[in-house]
Amino acid sequence: MWDELKQRTGAKIVELLAEPDRANRFVIEADGMRFDYAKTSMTDAARDALLALAETQGVAKKRAEMFGGAAINETEGRSVLHIALRAPEDVVVHVDGVDVLPELRAVRARMASFAEDVRAGRFEGAGGPITDVVNIGIGGSHLGPEMGTLALAPYHDGPRCHFVSNVDGADIHDCLQGLDPKTTLVIIASKTFTTIETMTNAETARQWMAQAVEEPGAQFVAVSTAEDKTAAFGIDPSRVFGFEDWVGGRYSMWGPIGLPLMLAIGPERFEDFLAGGAAMDAHFCHADLAVNMPVMLALVGLWHHQVCGYPTRAVLPYDQRLSRLAAYFQQLEMESNGKGVTMEGAPVEGGSGPVVWGEPGTNGQHAFYQLIHQGTQVVPCELMVAARGHEPELAHHHRLLVANCLAQSEALMLGRDMDTARALMSDAGFEGAELERQAAHRVFPGNRPSTTLVYDQLTPYRLGQIIALYEHRVFVEGVILGINSYDQWGVELGKVLAKEMEPILTGEAGVDDKDGSTRNLVAFLKSAGLN
Ligand code: F6P
């Protein structure tokens, strides 16, 4: 599938950009956002071939199946309907012949009414109005609400939100320190309500609450698909917000898992966030493939990883409040498309999805951009930046931020050749062999690809668009690779072995069945005072 495309690599980005109108033709503008992929080595012919691949691999058909409620998560026999969580009023989505939207909207209305009660002080803790919310969850039950809550800090007018995810007791210890149990609300967010990290933290939080509050369960909320288990934990059904198993964990921040965000910014702004997601859904469903932002973002991703062979891609938001976006995209992309076999169980041609990583600019510039500019492996960079920050009094900061974002994509593309480096060193007074040696260190290979997403301001609506954009990108890449983006069997083995390992650490089980390395590690930890 990729061989013919591999013949098309090797173009010089600067030369491509000199072609008439590339700067307008390798760009998609939709609903206030501009996605520029002109600074990649994708030629017109390569783009045509990738678009043809999207057609032959059935992207449009699979998209219709997903939006129509078909069970496209075939290994778990489930529909994939996170899009229903943000669907506009006039949409109908059926699962097994039943319109699922009335129930979704009823749960959202209950969430909104609960959030308003908390925000207005009508729902109180034992010590008065709720000042702090602690969300306990992990993976998809943590990363989305945490990322979104940080991203939309300028819109916060509710209680302070905190997030605990790691089973490491340090996480919950440090979070609860300084909080007053009498005015704290705890959300236990777990799709399955069985995840060991979350249930261990939930129990610790309950004990912490019980020391100061007579009825600790009254200050607990559950978000889960498993209402029998939330009841067994002792949470009143009026404070349980359920969702269905056709919402994948890493796609779930649009529904009840988004409760911390709704508490922080209020139900109306949460609706704006949903509206942004819905707008991207409409664009994804209706725009032609060639001008379809998620489709082209996916094709650029496949071009870089499967065709050019670049092993990773960097997510580089020039926005400090998007500091958790790379972590969020890591789960979204790597848990979805990090699969070695196709839906049929055959090896994936061209390999699975790439490693995704990143940090906000400009911090990354002073940390790892060295490798991106001069290292020997190419890292496609996905930059994003808003025209305006939220601090008009600090506009000069924002101009510097934007300048850095634009300058980086330019520097990556242009690089610096040996002659220019020599001239610089000559101006600095070097000569002969020393000039040559010093100049070599100042050469940048250039021709390094980047894409840039620009928009006016990071509002709830824009955040919704961006998240949905990447969700659909993952979908398109998954369809073209022929894999199931919606299961995650790869996380199971470690969980099973961790269950076996705990009794070894307590001494209830012997270590003899384990390999030599593990046996020695256990012995060292025990001798070092394992607790
Ligand atoms: O272990 C992986 C995973 O199942 C993720 O897919 C999920 O987001 C996370 O664990 C948390 O699961 P839950 O919401 O059921 O606690």
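## A buried lysine and its partner

With a relative accessibility of 17%, Lys-514 counts as buried in this predicted model. Its partner is Glu-500, with which Lys-514 forms a salt bridge whose closest N and O atoms are 3.1 Å apart. The two residues belong to distant parts of the chain, since Glu-500 sits in helix H20, which covers residues 492–506, while Lys-514 lies in the loop between H20 and helix H21 (516–527), and 14 residues separate them. Unlike the lysine, which is buried, Glu-500 has a relative accessibility of 40% and therefore counts as partly exposed.

## Two arginines that share an aspartate

Which residue forms a salt bridge with Arg-119? The partner is Asp-157, and the closest N and O atoms of this pair are 2.8 Å apart. This contact links distant parts of the chain, with Arg-119 in helix H6 (residues 101–120) and Asp-157 in the loop between helix H7 (143–151) and strand S8 (160–164), 38 residues apart.

Asp-157 also takes part in a salt bridge with Arg-269, where the closest N and O atoms are 3.2 Å apart. Here too distant parts of the chain are linked, because Arg-269 belongs to helix H12 (residues 267–286) whereas Asp-157 is in the loop between H7 and S8, at a separation of 112 residues. Each of the three residues counts as partly exposed: the relative accessible area is 24% for Arg-119 and 29% for Arg-269, while Asp-157 has a relative accessibility of 46%.

## Salt bridges across the model

The count of salt bridges comes to 31, and the pairs described above include Glu-500 with Lys-514 and Arg-119 with Asp-157. Salt bridges also join residues into a network, in which Arg-313, Glu-333, Glu-382, Arg-473 and Glu-477 are linked.

## Cysteines without a bond

How many disulfides are counted? The count comes to zero, and two cysteines help to show the reasoning behind such a result. For a disulfide, the two sulfur atoms would have to lie within 2.5 Å. The closest cysteine sulfur to that of Cys-161 is in Cys-175, at 11 Å, which is too far for a bond. In the case of Cys-308, the closest cysteine sulfur belongs to Cys-381 and is 14 Å away, so this pair is likewise too far apart for a bond.

Is Cys-161 buried or exposed? Its relative accessibility is 18%, and Cys-161 therefore counts as buried, because the cut-off for that class is a value under 20%.

Conventions. Residues numbered from 1 in each chain as written. Predicted model: local features only at pLDDT ≥ 70, side-chain atom pairs only at ≥ 80, totals over all residues. Heavy atoms only, no water. Buried < 20%, exposed > 50% of the residue type's maximum accessible area, 1.4 Å probe, protein only. Salt bridge = Lys/Arg side-chain N within 4 Å of Asp/Glu carboxyl O. Helix = DSSP H or I, 4+ residues; strand = E, 2+ residues; numbered from the N terminus.
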